[in-house]
Amino acid sequence: TTTTTTTALNAATLKPASQPLLTSGKALAVSGEALIDLTDKIDLWGGGLSAVGANIRNGGDCIAQAAASCRFKTGMELVCDELREGATCLEGAVAKGKDAVEEAERA
């Protein structure tokens, strides 16, 4: 008896997700930059709040990059990886936010 194995490639397009991801990624990146600029204006640059802004900006950049990768039919794994990296950056922003609160309470 012979067994034949067939592998099917299921390619799906993520193109419809591109624009909403790009818009939200840009908004996060701009928000992170605004927070960094604010910390500079109020003389808190280099502290926890500045790190929150940097993490938010980096998370937004990752999400925007995921949006750019949505145009490739075979880019699903890449998009997932970029979204995961963006989530890691935002998770880091939460941790740094807690540090910023502690810094503010000590000041």
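At what angle do helix α1 and helix α2 pack, and how far apart are their axes? In this predicted model, helix α1, which spans residues 15–41, and helix α2, which spans residues 48–69, pack at an angle of about 160°, with their axes 7 Å apart. Because angles over 145 degrees count as roughly antiparallel, α1 is roughly antiparallel to α2. The crossing in which α1 passes α2 is left-handed.

**Overall architecture**

The chain contains 3 helices and 0 strands, and along the sequence these elements follow the pattern α-α-α. Of the 107 residues in the chain, 29% are buried. When contacts between residues at least 6 apart in sequence are considered, 68% of them join residues at least 24 apart.

**The contact between α1 and α2**

On the α1 side, the residues that meet α2 include S18, L21, L22, G25, L28, G32 and I36, while on the α2 side the residues met by α1 include L49, G53, I56, G60, I63 and A67. Sorted by class, this contact of α1 with α2 has 13 nonpolar, 8 polar and 3 charged residues.

**The nonpolar core**

The largest nonpolar core has 6 residues, namely L21, I63, A66, A67, C70 and V79, and the largest share of this core, 3 residues, is contributed by α2. In soluble globular proteins, nonpolar side chains tend to be buried together. L21, a member of this core, also belongs to the α1 residues that meet α2; once its neighbours within four places in sequence are left aside, L21 is in contact with I63, A67, C70 and L83.

**Two individual residues**

S69 and K98 lie in separate helices, as the table sets out.

| Residue | Helix | Relative accessibility |
|---|---|---|
| S69 | α2 | 2%, buried |
| K98 | α3, residues 76–106 | 56%, exposed |

S69 counts as buried because its relative accessibility of 2% falls under the 20% cut-off. Leaving aside neighbours within four places in sequence, S69 is in contact with G75, L78, V79 and E82, and V79 is itself one of the residues of the largest nonpolar core. K98, by contrast, is exposed, because its relative accessible area of 56% is over the 50% that the term requires. Although K98 and G48 are 50 residues apart along the chain, their C-alpha atoms are separated by 8.1 Å.

Definitions and conventions:
Residues numbered from 1 in each chain as written. Predicted model: local features only at pLDDT ≥ 70, side-chain atom pairs only at ≥ 80, totals over all residues. Heavy atoms only, no water. Axes fitted to C-alpha atoms, helices over the stretch in contact; angles between N-to-C directions. Helix = DSSP H or I, 4+ residues; strand = E, 2+ residues; numbered from the N terminus. Parallel < 35°, antiparallel > 145°, perpendicular 65-115°, else oblique. Left-handed = near helix turned anticlockwise from the far one by under 90°. Contact = heavy atoms within 4.5 Å. Nonpolar A, V, L, I, M, F, W, Y, C, P; charged D, E, K, R; others polar. Core = buried A, V, L, I, M, F, W, Y, C linked by side-chain atoms within 4.5 Å. Buried < 20%, exposed > 50% of the residue type's maximum accessible area, 1.4 Å probe, protein only.
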